[in-house]
Amino acid sequence: MSAKNMDRFKMVKSKPNSNTKKQNPNSDTLQDKEQLQALHTELEAKENHLNSYAKELESLEAELNKKERLLTDETVRLRAKEQELSSQQVQIEAGLPGLVAKELSAAKKLLEKQRASFSEQLRQFETEKAELAVKESELKRLEVKCQSDFAAERKEFQNSLLELRQKANNQLDNETEARKEELFRELEKQHQLSKQKLVQELEGTRLEAEKQLAERTSAIDAKVSENNAREADLQSREEQLDFQQKLYNEKKEKLNEDYAQFELKIAKAVQERQAGFASEELRMKEECDRLRASLDSSNRELSLYQELKQKLNGESPEKVLFELAAYKEEIITLKEELTRRPEQQVQQLFEQAKLEKGLLESSNEALIYERDALKRQIKELEDSSFEAEMWQRKYESLEVRRDALERVNSELQQELDRLAPTAVNEVSREVRLEQINTPVVSLNEEQKQQLIVFDKSKLRNEMDWLDVIYKRCDEYGLKFNRRILFAFHTALKVAEWSPITVLAGVSGTGKSELPRLYSHFGGISFLSLPVQPNWDSQESMLGYFNSIDDRFDAEPALRFLLQSQKECSNEYPGLKYGVNLLLLDEMNLAHVELYFAEFLSKLEQRRGKKRGDTPCLDIKLGAKDGIYQLPLERNVLWAGTMNQDETTKSLSDKVIDRGIAIHFPRPKELHSRQTLDVLPDPEPMLHYKEWRNWVSISSQEVPEKELKKYKLMVEKINSCLSSVGLALGHRVWQSIEFYMANYPMVKYLTDTNTEDTSKLNKWLKIAFEDQLVQKVMPKLRGVETRGYGKINCLDPIKQLLTDNDFSIVEDFERAYQFGHGQFMWNSAEYLNNDEAFSELEELPTGELEGSADE
């Protein structure tokens, strides 16, 4: 080889070596950076994927919260709908009385219109009557003219005129009565027709309303059931959502744990990778140093080889170049192997994570399947538990029923053992009557003699007897108005027409004390019977047959009535010849018609019958002993007290017609009672013959003129009552006239044949005024205090009372105010005006002559 070619070979050999020495370190660093960047990019992608999964979980949680809010809103809406349906049902129920009131108002307006038309016809009739009166006055004028012009024919013309006038008046009266009867019949017929029509319309309206109410109720029930079903569905959905939420939370927690573990694995892998990179970099540096050392050694060897070749003088340059290319290829192979090693490790980690994910998903599916299986097992266990609980409850109920039947069987066996002796030992009728004839009132020997032996020479004056009662009550500490005492005494005397006397008024004014002290200081046998709210038949008052104990359980009232029919002897304190008073205390706590109706009917039948022919009550002593007839004799007087509050019942017209109601006034001055004295000894027994001597069985002793005047007043009041559909019967006037005849001062003046008619008229007026309050004013209860009822009924009666100077006008005006638009008599202030009784202190105390009824 020439020298020139040798230099060129050296230059080529030196250039690649220098470039290789400069480029190898830079290319290795860039490749490491790229590998690290790719690893960070992959990690960021995985982190973004995890963030997207977390966002997806948050969106699912937001959707779940939204469904929960929708469920809450739906629940609120259903509750509002249910409240709306309830309010509609209440409105429907509340609208039915309004509809009935509307129909009643329309019917009432129709009746008012018909009544106005009939009133118009009556006014036309009155107009015709006035025209006839004008014609009559014209006839009188002609008569006067005829008397002045035709004196000779006056008498004959007057007679004919009187006959014509009488015929015209009779015809007019007949036509008037016929027309009135016709109008009243037509009015009554129209009233009945309209009433029937109204009842039919109301019944139809009621049926239609009930039908609509039933339809709406069924619709409401269907909606309620639908709402309940929807609510149950929603509740089940809510439970499912809760369960899904629970699963989601568990899954989320598990994913968080997996994510944390994955992050730990990634961090550990990164740390391991970084440590591997560092060790690999160190190894590569060592390898580079080794290669450099190898290259240096190769260069040295090459130089040595060149030197050797030069020395050998036989080597070609192509062979040397071929060896260099082989070395370069070996270096490139080593570099590629160096770059492939990190990518393979990452790929292996990814494949390993993917495999772990598949394993986790398969494990999750297995757990889900296992969870569903466990749910099915739990449901089966719950169903079996519910069925077991149901059978347990059924068993317990059967146990309770068995215990109850055993107790009932034991009680029945005990009752059978108790009744066995009574079934064997039957009681006779005489023994049973002897059991109920136990006396209630005991008498001492002196009282027995007063009833057994009646001394006519010791007949007492009625006024003296009442005066003793008045003064003894005052001495005892209770002061009663004389007028109330006289009214109570007179009401008991006219028991033939008004069998029961009712005392009403303010609590604490002495309603119960007056009958007790009246009997004690008057020598009358007395029994107070407190009425119970559960009385619903006369057995509650008298007693009943006890079939269990095989005896008649007699109440004190029956034993008192039996004692009042037995003659008095040394062995038995009979009260047949005495006067007896039975008080029904607070009689309106129960309905009077339920337990006292047969008494009222029998006592009314007693009127006009002889002694020994009085009606009897049937007392059932038992199935084998038949019926015992209890006579209702006149020696037993009946009274009652009543309160007016929310715990009591009002008296019916039947009781008011057959009784006398005395109202106690509100006390103007409260009397003190400084000492509570012991009740003194009673007065001598009042014999029934002595009582009958004070009772007038005829009203002929009262001047007919005075009775006619008061009868006319009652008829006018009755005419006013007819305008509002009310009326007074014959029994009312009969009771009034006999009350007036039996009033103590009236009887005293008529028995003494007094010539002072003004005094008699004054006491007759007082008695009549009492009866107006006791018998007439209760009939006005419920009349409207304004409008038609006030103008046509109340105002004329008030004017009548005012014109005749009665002292009850003030109480009449108060009755306008107490009833809230209706007339309600509830006061007795007129009784406080006792000026007329001041003269009783000056009456003579001599005894009246008279004989007793046998």
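**Exercise 1. Helix packing**

Task: In this predicted model, how are H7 and H8 oriented to each other?

Solution:
- Locate the helices. H7 covers residues 482–493 and H8 covers residues 513–520.
- Take the geometry. Two packed helices are described by the angle between their axes and the distance between the axes. For H7 and H8, the angle is about 75° and the axes lie 12 Å apart.
- Apply the cut-off. Angles of 65 to 115 degrees count as roughly perpendicular. H7 and H8 are therefore roughly perpendicular to each other.
- List the contact. H7 contributes Ile484, Leu485, Phe488, His489 and Leu492. H8 contributes Leu514, Pro515 and Tyr518.
- Sort by class. The H7 contact with H8 holds 7 nonpolar residues, 1 polar residue and no charged ones.

**Exercise 2. A salt bridge in H3**

Task: Which side chain meets glutamate 399 in a salt bridge?

Solution:
- Start with the principle. Side chains of opposite charge can pair when their charged atoms come close.
- Set the cut-off. The nitrogen must be within 4 Å of a carboxyl oxygen.
- Check the pair. Glutamate 399 meets arginine 402 at 3.0 Å, N to O.
- Place both residues. They sit in helix H3, 3 residues apart, about one turn of the helix.
- Count across the model. The total is 24 salt bridges.

**Exercise 3. A surface patch**

Task: Which residues make the nonpolar surface patch of about 350 Å²?

Solution:
- Name the members. Phe386, Met390 and Trp391 make the patch.
- Place one of them. Tryptophan 391 belongs to helix H3, residues 317–424.

Methods
Residues are numbered from 1 along each chain as its sequence is written. This is a predicted model: local features need pLDDT of at least 70, side-chain atom pairs count only at pLDDT 80 or more; totals for chains, interfaces and linings use all residues. Side-chain values use heavy atoms; hydrogens and water are left out. Axes are lines fitted to C-alpha atoms, for helices over the stretch in contact, and angles run from 0 to 180 degrees between N-to-C directions. Helices (H or I, at least four residues) and strands (E, at least two) are DSSP runs, numbered from the N terminus. Angles under 35 degrees count as roughly parallel, over 145 as roughly antiparallel, 65 to 115 as roughly perpendicular and the rest as oblique. Contact means heavy atoms within 4.5 Å. Ala, Val, Leu, Ile, Met, Phe, Trp, Tyr, Cys and Pro count as nonpolar, Asp, Glu, Lys and Arg as charged, and the others, Gly among them, as polar. Patches are made of residues with over 30% relative accessible area and no salt bridge: like charges are joined within 9 Å, nonpolar side chains (Val, Leu, Ile, Met, Phe, Trp, Tyr) within 5 Å. Accessible areas come from the Shrake-Rupley method with a 1.4 Å probe; for residues, only the protein chains shown count as cover.
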